Amino acid sequence: MPVDQLYSELEAKVRALRPQDDLAPLHDAYVFAAEYHKTQTRDSGEPYMVHPLTVTLILADMQMDMICLQTGLLHDVVEDTSVSLEEIRKRFGPEVARCVDGVTKLSKLNLNSREERQAESMRKMLLAMVTDIRVIIVKLADRLHNMRTLGSVSRERQERIAQETLDIYAPIAHRLGMGKIRGELEDLAFMHLEPEAYSELVRETENRRQANEESLQQIRHDIQLKLSREGIPARVEGRLKRAYSVYQKLKRQKIAMDQVYDLLALRIITDSVKNCYAALGVIHNEWHPIPGRIKDFIAIPRPNLYQSLHTSVMGPGGLAFEVQIRTEEMHRIAEEGIAAHWKYKEGRKGASAAEDDQRMAWLRQLVEWQKEIRDPGEFMSTLNMDLYPEEVYTFTPLGRVIVLPRDATPIDFAYAIHSDVGSTCVGAKANGRIVPLKYNLKNGDVVEILTQAGHLPSKDWLALVKTSRARNKIKHDINATEREKAIDIGQKYLEREARRLGVALSRISKADLERVASDYGCSKMEDLHAALGYGKYSARQVLQKLAPELVPETVSEPEPAKPHQAALGDGSKENGDLVIKVKGIDDLLVYRAKCCNPIRGESIVGYVTRGKGIAVHSTHCSNVQNLMYEVERKIEVEWARSASEQFPVKMVIYTDDRPGMLNQLTSILFAESSNIRSLEARADEKHNGDGAIVEMTVEIKDKRQLEKVTGAIRRIPGVRDIERVQ
């Protein structure tokens, strides 16, 4: 569609939604953006201006205000053209400038890596969101259009953008209650990240579509009739479950498609809370509810203010389906979230809107918790954890609701109560009985934390916790303890060396001590003691600076040891892993960590171990964040050029229990020239007893071959899921 025609469509839409508004500011922003973007094109070849116009159309559909619409049109001019933020401020005012600045990435900053740029851009956006929620609403509209047109970019960029969407933007949309946008973002990301699984799922869904739609129509008619007889005013909508949501359920529960109870779903929208519960009674009176599938989000809303009653029932002919029951107001909030809330805030914009909106409480907390995290990898990882959709609703003994991520532990619960309760936690009770600290909390658990004064958290807790609040507090306490030990060791080391060399430390002035500490980049002597304790510097060198007349310089004296050199001794690459090397250094012992066994092509990170060399982990390894609480031990590593190495990869495949399955699996590996090191097959008693589990270790060249093999295995009829064991 031509650009001018697209703008006419936008103007018509805004005029229909906001007949009283002056549209001159909208036209002014369009003319300005069109002028600066006029020579630019997108990867698809279409004029670049199509993108900001489509983003603004999405914002208009949300009925956002004029400031937000202008930001939509102008959101790329500072980042992608010669326009400065000051020009935007002068021409369009401070509010538009602030929103444009919040959406603008930090691509022009001189940061070392894409990871650092991504982390700092995200940090900047979060801070801007706290001031004005319109920043993230524009960013979500921007990401939605980019995801819709992702087919025009390279495969590598598709995967990177889709993964970031799934990790960050879809969860943010969820936390803001924007269900429609979250659903579309997840499905688009799934399509690009798992094309084989997506195609298979769509194919299977299409095969059932006609039968499912006929069933939905009949059930919808029956429900409408029964509600009408009971005098309950309602409209009934039918839908099929979203592709990504189905995929998640199949993976999580290791089940076949016909065991997904909520593949078909109906939504009953009525006029009052009282009639929501009355409608639930009608449904349960007609069809048998499936145990464990009834959820009351009206009595206990989700943190994003989502409210509905959920139930799954066994319908006619053994057909299972889900029913969601809500009021019109609840439906509006469920679909549009904070964007729906915005429409009713005319005259109360920016910070005032955020201050009284419960959905923003999590964001202010999140920004507070993230302030101290400087490592970009850790920042993005913990941010991802914080955005994880809440699943578990637990209670204190006094009835306070504590919402935590799925698989959260009593330690997470303790830190959610208070950091002191977390630090001194020694045990826990769930529903009156003692449970281990690694226990995964369940919906409805009443949790009591047992504490002991003076107790300190353990490093092992880092492998158990799921919330960044708990993780950051544990790391802080561990770092403080480790630092105290390092200070004590460093002080004793310096004193011992001083006695050996005949230096009287007591006669050296405080000013001289602080001067030498400053030479080593330390603000006080305590910091230098800690550095000596960590093995960063030599005590003899420090004493030579303090008393040069007593401690002569020697040519044999080593330079201040770098952390990884001090820890490694003289390991050489001949003893290590020849396919990985430390960036800029050739003589260090390097080995792949057994916990994740990274293969060529995967993103990797090195960790300096004491006396063992450099352990190399996949950046997605669950142990990475547990190890990286000491950031100074992180070291950059990369794959060497040689491509002849084969990597052992263990896979677990969940399948239907049928003849010929093993033959099909091994045929795929034979076609890929992939050797099988070990193979074991057994019945799957856990998942309905009609499945099988195949465990095999195969030799794989790189990430691309692994993706090809797993994609081919997924296409085998009867394969429910495949996991790589790490």
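The points below go through strands, aromatic rings and one helix of a predicted model.

1. Strand β5. Strand β5 covers residues 309-314, and five of its six residues are buried, so the strand is largely enclosed by the rest of the structure. Buried here means under 20% relative accessible area. The next two points deal with the partners of this strand.

2. Partners β3 and β4. Strand β3, residues 288-289, is joined to β5 by two bridges, and the two strands run antiparallel. In this pairing H288 stands opposite M314 of β5. Strand β4, residues 295-296, also pairs with β5 in the antiparallel sense, again over two bridges. Here K295 has H310 of β5 as its bridge partner.

3. Partner β6. Strand β6 spans residues 320-327, and six bridges join it to β5 in an antiparallel arrangement. M314, which stands opposite H288, has A320 as its bridge partner in β6. Strands β5 and β6 form a hairpin with five residues between them. In that hairpin G317 takes a positive phi near 65 degrees.

4. Aromatic pairs. How many aromatic pairs does a search of the whole structure find? The search finds ten. A pair of aromatic rings is described by the distance of the centres and the angle of the planes. For F297 and Y306, the ring centres are 6.0 Å apart and the planes stand at 70 degrees, so this pair is edge-to-face. The reasoning rests on a cut-off: planes over 60 degrees apart count as edge-to-face.

5. Surroundings of F297 and Y306. Are these two residues buried or exposed? F297 has a relative accessible area of 7%, which means that F297 is buried. Y306, at 11%, is buried as well. F297 has a further neighbour: the charged end of R302 sits over the F297 ring, 4.3 Å from the ring centre.

6. Other rings. The rings of W639 and F647 have centres 5.8 Å apart and planes at 80 degrees, so they too make an edge-to-face pair. W639 and F647 are both buried. Elsewhere, ring pairs link four residues, F190, Y198, Y244 and Y247, into a cluster.

7. A three-stranded sheet. Three strands form an open sheet in the order β10-β9-β11, with antiparallel pairing. Strands β10 (433-435) and β11 (447-451) stand at the edges. Each has a single partner strand, so one side of each is left without a neighbour in the sheet. From one strand to the next, the twist averages 35 degrees. Strand β9, residues 425-430, is joined to β10 by three bridges. Within this pairing, A430 of β9 has R433 of β10 as its bridge partner.

8. Helix α20 on the sheet. Which strands does α20 touch as it packs on the sheet? Helix α20 touches β9, β10 and β11, and its direction makes about 80 degrees with that of β11. The helix covers residues 410-417 and is mostly covered, with six of its eight residues buried. These buried residues are P410, I411, D412, F413, A414 and Y415. The list includes the charged residue type D at position 412 beside aromatic ones such as F413 and Y415.

Technical notes:
Residues numbered from 1 in each chain as written. Predicted model: local features only at pLDDT ≥ 70, side-chain atom pairs only at ≥ 80, totals over all residues. Heavy atoms only, no water. Buried < 20%, exposed > 50% of the residue type's maximum accessible area, 1.4 Å probe, protein only. Helix = DSSP H or I, 4+ residues; strand = E, 2+ residues; numbered from the N terminus. Pairing = 2+ DSSP bridges. Phe/Tyr/Trp six-rings, centres within 6.5 Å; stacked < 30°, edge-to-face > 60°. Lys NZ or Arg CZ within 6 Å of the ring centre and 35° of its normal. Axes fitted to C-alpha atoms, helices over the stretch in contact; angles between N-to-C directions. Contact = heavy atoms within 4.5 Å.
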